[in-house]
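Got your viewer open? Load the model and get ready to click from one residue to the next.

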Amino acid sequence: MMLICRVSSVLNRDVKQFGKKFMFDSNEETCWNSDQGDCQWLILDFPQSVNVSELKVQFQGGFSAKTCRLEGCSGDGDFTLISHFYPEDNNSLQISFIIFAAAVDRVKITFENSTDFFGRIIVYTLDILGEKSL
């Protein structure tokens, strides 16, 4: 079993060029590019419960989020807030450290607003680090 990712949208539905898989391919030339609209999001389903400790994300400057909300849940339960983070509007890899004791099976990152006038988000790299829950 592997990590499953879902996203709110893909620019022009062109998953071959801008799909979610490009956030995880370690290629700095590829990216996930959302379509326009408020509150873009992504959901990650882990193969087993984890304790999240760190989030790394690299946006394209001009297409980053101003405010992000990280939520988690166990099983099919409701998402609960883990943390807010406030990325900078640049191309650098940004790291947010998370202090959250409970194990989660799924996380949701909501990009509450964008620096882009049309609400588009562009993510080159996304990593969520943590430990397997016992």
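Leaving aside its neighbours within four places in sequence, which residues is Ser9 in contact with? Select Ser9 and have a look around: Trp32, Asn33, Ser34, Asp35 and Gln40 are the ones in contact, once neighbours within four places in sequence are set aside. Keep in mind as you go that this is a predicted model.

Stay here for a moment. Ser9 sits in the loop between β1 (4–7) and α1 (15–18). Being in a loop doesn't put Ser9 out in the open, though: Ser9 has 16% relative accessibility, so it counts as buried, the limit being under 20%. Now add Gln40 to your selection and show both side chains. The side chain of Ser9 makes a polar contact with that of Gln40, at 2.7 Å.

**Next stop: Gly72**

Jump along to strand β4, residues 65–73, and pick out Gly72. Is Gly72 buried or exposed? Gly72 is buried, with a relative accessible area of just 2%. To see what is around Gly72, leave out its neighbours within four places in sequence and select Asp78, Phe79, Thr80, Ile82, Val104, Arg106 and Val107, which are in contact with Gly72. Then try a distance from Gly72 to Asp45. These two are 27 residues apart along the chain, and their C-alpha atoms are separated by 9.9 Å.

**Next door: Glu71 and Arg69**

Step back along the chain to Glu71, which forms a salt bridge with Arg69. The closest N and O atoms of this pair are 3.6 Å apart. Colour the two by accessibility and you get a mixed pair: Glu71 is buried at 12%, whereas Arg69 is partly exposed at 24%.

**More charged pairs**

Side chains of opposite charge can pair when their charged atoms come close. How many salt bridges does the count come to? The count comes to six.

Go to Lys56 and Glu54 for another one: the closest N and O atoms of this salt bridge are 3.9 Å apart. That still makes the cut, because the cut-off is 4 Å. Lys56 is partly exposed, with a relative accessible area of 22%, while Glu54 is buried at 15%.

Now select Arg120 and Asp116. They form a salt bridge too, with the closest N and O atoms 2.8 Å apart. Arg120 is partly exposed, at 24% relative accessible area, and Asp116 is buried, at 10%. While you have charged residues on display, add Arg6, Asp45 and Arg106: salt bridges that share partners join these three into one network. You have already met Arg106 as one of the contacts of Gly72.

**Out to the surface**

Switch on a surface view and select Leu93, Ile95 and Phe97. Together they form a nonpolar patch on the surface, with about 320 Å² of accessible area. Zoom in on Phe97, which lies in strand β6, residues 93–97. Phe97 is exposed, with a relative accessible area of 64%.

**Last stop: the cysteines**

How many disulfides does the structure hold? Zero. Select Cys31 to check: the nearest cysteine sulfur belongs to Cys5 and is 14 Å away, and Cys31 is in no disulfide. Cys31 is also buried, with a relative accessible area of 8%. Finish on Cys73, which is likewise in no disulfide, its nearest cysteine sulfur being that of Cys5, 14 Å away. Cys73 is buried as well, at 3% relative accessible area.

Notes: Residues are numbered from 1 along each chain as its sequence is written. This is a predicted model: local features need pLDDT of at least 70, side-chain atom pairs count only at pLDDT 80 or more; totals for chains, interfaces and linings use all residues. Side-chain values use heavy atoms; hydrogens and water are left out. A salt bridge is a side-chain nitrogen of Lys or Arg within 4 Å of a carboxyl oxygen of Asp or Glu. Buried means under 20% relative accessible area, exposed over 50%, partly exposed in between (1.4 Å probe, protein chains only). Helices (H or I, at least four residues) and strands (E, at least two) are DSSP runs, numbered from the N terminus. Contact means heavy atoms within 4.5 Å. A polar contact is a pair of N or O atoms within 3.5 Å; within protein, one must be able to donate a hydrogen and the other to accept it, and residues adjacent in sequence count only if both atoms are side-chain atoms. Patches are made of residues with over 30% relative accessible area and no salt bridge: like charges are joined within 9 Å, nonpolar side chains (Val, Leu, Ile, Met, Phe, Trp, Tyr) within 5 Å. Accessible areas come from the Shrake-Rupley method with a 1.4 Å probe; for residues, only the protein chains shown count as cover. A disulfide is a pair of cysteine sulfur atoms within 2.5 Å.
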